[in-house]
Amino acid sequence: MAKLYFKFGAMGSSKTAQALITKFNYEERNMKVLLLKPAIDTRDGNDVVKSRIGLKESAVVVGAEEDIGKLYAERYSDCNVIIVDECQFLTPEQVDQLSDIVIERDIPVLCFGLSTDFTTHLFPGSKRLFEIAESISEIKSVCTCGAKATVNARLDDNGRVVTEGSQICIGGNDRYVPMCRRCWLKYKTQTL
Ligand SMILES: [Zn+2]
């Protein structure tokens, strides 16, 4: 039985690399993969999914208004796996649409992304994935102190941890540092 998977991790946990490796593994088994990324993530150009270790692939970009069920039925129904990178930027409705595809078409959908934003609160898409995904797993990354990183700290121009601002900071990937909660609480009051 196919499942909806949510594979979450903090920044720097190699989520994108794992998404691309997973795509490669399916393709090696002669399966056709539809790679999706929400339009809001513009840091690597419009249609490229790129990991820090250099892997990259072109992807189909979905806007927030796009009905993924319809998109799949009309243009990509020959694909037998769907992989989503930066899935935290999906809308809750789009997560439901992906779940419907899993059930109606019996194909696996694997979503890779962050669980929480820089204020430690869930992204709406990630919240919906925690609610309805059938398989949830964590991709771990490490804080500089050695503990597991659970917070995606956002830094300002001076290297200070910021805790206010909009949830999405477009093009600001290098402004984020994975930290454990203890270090995050400490650095909220001092420069790194
Ligand atoms: Zn730490």
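**First stop: E131 and helix α4**

Select E131, which is partly exposed, with a relative accessible area of 43%. The model on display is a predicted one, and this tour moves from one selection to the next within it.

With E131 still highlighted, add K127. Their side chains form a salt bridge, with 2.9 Å from N to O. K127 is likewise partly exposed, at a relative accessible area of 42%. Both residues belong to helix α4, which spans residues 124-132, and because they are 4 residues apart there, about one helical turn separates them.

Now add R128. Which residue does the side chain of R128 meet in a salt bridge? The partner is E131, at a distance of 2.7 Å from N to O. R128 and E131 are 3 residues apart in helix α4, so about one helical turn lies between them as well. R128 is partly exposed, with a relative accessible area of 23%.

**Second stop: D157 and R175**

Select D157 and R175, whose side chains make a salt bridge of 2.6 Å, N to O. D157 is found in the loop between β9 and β10, while R175 is found in the loop between β10 and β11; the pair therefore ties together parts that are 18 residues apart in sequence. D157 is exposed, at 67% relative accessibility, whereas R175 is partly exposed, with a relative accessible area of 29%.

Before leaving the charged pairs, select D96 together with K127, R128 and E131: salt bridges with shared partners connect these four into one network. Over the whole structure, a search finds 8 salt bridges.

**Third stop: the sheet of β10, β9 and β11**

Next, show the strands that flank the loops just visited. Three strands make up an open sheet, arranged in the order β10-β9-β11 with antiparallel pairing. The edges are taken by β10 (161-162) and β11 (176-179); each has a single partner strand, so one side of each lacks a neighbour in the sheet.

Colour β9, residues 151-155, and β11. These two strands run antiparallel and are joined by 4 bridges. For one position to inspect, select A153 and look across to V177 in β11, which stands opposite.

**Fourth stop: the zinc ion**

Select the zinc ion and display its surroundings. Which residues serve as its protein donors? They are C143, C145, C180 and C183, each through its SG atom, lying 2.3 Å from the ion. The angles among the 4 donor atoms are 102 to 118°, and the site is tetrahedral. For comparison, the ideal angle for four tetrahedral donors is 109.5 degrees. Along the sequence, the donor residues follow the spacing C-x1-C-x34-C-x2-C.

Keep C180 and C183 selected for a moment. Are they buried or exposed? C180 counts as buried because its relative accessibility is 7%, and C183 is buried too, with a relative accessible area of 8%; the cut-off for a buried residue is under 20%.

**Fifth stop: strand β2**

Select residues 33-38, which form strand β2. This strand is mostly covered, with 6 of its 6 residues buried. Rotate the view to inspect the two faces: V33, L35 and K37 lie on one side and L34, L36 and P38 on the other, and both faces are covered.

Then bring in the neighbouring strands. β6, residues 81-84, pairs with β2 in the parallel sense over 4 bridges, and I83 in β6 is the bridge partner of L35. β5, residues 60-62, also runs parallel to β2 and is joined to it by 3 bridges. Here the residue to select is V62, the bridge partner of P38.

**Sixth stop: Y72 and helix α2**

Select Y72, which lies in helix α2, residues 68-75. Y72 counts as buried because its relative accessibility is 2%. Add L98 and compare the positions: the two are 26 residues apart in sequence, and their C-alpha atoms are 9.5 Å apart in space.

**Last stop: a nonpolar surface patch**

Finally, turn to the surface and select I21, I53 and L55. Together they make a nonpolar patch of about 280 Å². I53 sits in the loop between β3 (48-50) and β4 (56-58). With a relative accessibility of 66%, I53 counts as exposed, the cut-off for that class being over 50%.

Methods: Residues numbered from 1 in each chain as written. Predicted model: local features only at pLDDT ≥ 70, side-chain atom pairs only at ≥ 80, totals over all residues. Heavy atoms only, no water. Buried < 20%, exposed > 50% of the residue type's maximum accessible area, 1.4 Å probe, protein only. Pairing = 2+ DSSP bridges. Patch = residues over 30% accessible without salt bridge, like charges linked within 9 Å, V, L, I, M, F, W, Y side chains within 5 Å. Areas by Shrake-Rupley, 256 points an atom, 1.4 Å probe, with all protein chains shown as cover. Donors = N, O, S within 2.8 Å, 3.2 Å for Na, K, Ca; no water. Tetrahedral: all angles 85-135°; square planar, octahedral: opposite > 155°, others 65-115°.
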